[in-house]
Amino acid sequence: MSSQFFENHSCEYFPCHEMPELNCLFCYCPLYHFTDCPGDYRLLDNGIKDCSHCIFPHQPEHYSVIIRQLGGTF
Ligand code: SF4
């Protein structure tokens, strides 16, 4: 386990996506309120952002991209 990656095998939804390594750190994506997030989302008819098929925040190599978009450094 590190501060940049962990898998929560005790979560009842794990694995929420089928992928080789699944980072649970950003389970609730911190980029949700960005309209220019780099993820794969669609807008529902009611304007709600649907991220259910996006794996971007769970891919370990995207940690630094997310931190940068939040305005931080890593
Ligand atoms: S599309 Fe992906 S990266 Fe963008 S807010 Fe949704 S879960 Fe986050």
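These legends walk you through close-up views of a predicted model. Residues are numbered from 1 along each chain as its sequence is written. Local features need pLDDT of at least 70, side-chain atom pairs count only at pLDDT 80 or more, and totals for linings use all residues, while side-chain values use heavy atoms, without hydrogens and water.

**View 1. Meet the ligand's neighbours.** Around the ligand you will find residues with a heavy atom within 4 Å of it, including Cys 29, Tyr 32, Asp 40, Lys 49 and Pro 57.

**View 2. A look at the nonpolar core.** Eight residues form the largest nonpolar core, among them Phe 26, Leu 31, Cys 37 and Ile 67. Such a core joins buried Ala, Val, Leu, Ile, Met, Phe, Trp, Tyr and Cys residues through side-chain atoms within 4.5 Å, where buried means under 20% relative accessible area (1.4 Å probe, protein chains only).

**View 3. Cys 37 and its contacts.** Leaving aside residues up to four places away in sequence, Cys 37 touches Leu 31, Lys 49 and Gln 69 (heavy atoms within 4.5 Å).

Methods:
Buried means under 20% relative accessible area, exposed over 50%, partly exposed in between (1.4 Å probe, protein chains only).
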